[in-house]
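Q: Can we go through this one together, with the reason behind each label? I'd like to see where the words come from.

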Amino acid sequence: MTAIAGLESFLTYFVTATALVALYLLVYTQATSRNEFSLIRQNVLSAALALGFSLVGFALPLSSAVVYAQGVLDAVVWGVVAIGVQILTYWLVRLIVPRLSDRIAAGEMSAALFLGAASLAAGIVNAAAMR
């Protein structure tokens, strides 16, 4: 019985984190100028790369939020903060890279890699700041 003692807590945090990931993908794809999922279905590698790295950049601080949370609500609040950090990162990269979304939609890997790297870096710093 002790092997499954933490199962309820695991399921609570896992479902919460999964819902936050879904919320992140919804918010992020609405904040960008293009529909990344549509581009991915069209086999646009640059869109998959940019969205994939941004997802990892979100998942890192989300995992920190779950680890350090005092409760589920605490994890949700910090998860929402992590969403905000990723959206802010996207908008800051748009200032540096003109026509960012158009370039990613056109398959330009340099724009996608830079956005992905910035998203990942923001996620790493964000995760480290959550203690």
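A: Sure, and let's start with a definition: buried means under 20% relative accessible area, exposed means over 50%, and partly exposed is in between (1.4 Å probe, protein chains only). Keep in mind that this is a predicted model, where local features need pLDDT of at least 70, side-chain atom pairs count only at pLDDT 80 or more, and totals for chains, interfaces and linings use all residues. Residues are numbered from 1 along each chain as its sequence is written, and side-chain values use heavy atoms, with hydrogens and water left out.

Q: Why is F58 called buried?
A: F58 has a relative accessible area of 0%. The cut-off for buried is under 20%, so F58 gets that label.

Q: How many aromatic pairs does a search of the whole structure find?
A: The search finds 5. Rings of Phe, Tyr and Trp (its six-membered ring) pair if their centres lie within 6.5 Å; planes under 30 degrees apart count as stacked, over 60 as edge-to-face and the rest as tilted.

Q: What makes the pair of Y24 and Y28 tilted?
A: Their centres are 5.4 Å apart, with 35° between the planes. That angle is neither under 30 nor over 60, so the pair falls into the rest, tilted.

Q: Where do Y24 and Y28 sit in helix α1?
A: They are 4 residues apart in helix α1 (residues 7-31), so about one helical turn separates them. Helices here are DSSP runs (H or I, at least four residues; strands are E, at least two), numbered from the N terminus.

Q: How do you know whether Y24 and Y28 are buried or exposed?
A: Y24 has 0% relative accessibility, so it counts as buried. Y28 counts as buried too, because its value is 1%.

Q: Why is the pair of Y24 and F58 called stacked?
A: The planes are 5° apart and the centres 4.5 Å apart. With the angle under 30 degrees and the distance within 6.5 Å, the pair is stacked.

Q: What does the pair of Y24 and F58 tie together?
A: Y24 lies in helix α1 and F58 in helix α3 (residues 45-68), so the pair ties together parts 34 residues apart in sequence.

Q: Which residues do ring pairs link into a cluster?
A: Y24, Y28, F58, Y90 and W91.

Q: And the protein chain: how many helices and strands does it have?
A: It comes to 6 helices and 0 strands. Of its 131 residues, 39% count as buried.
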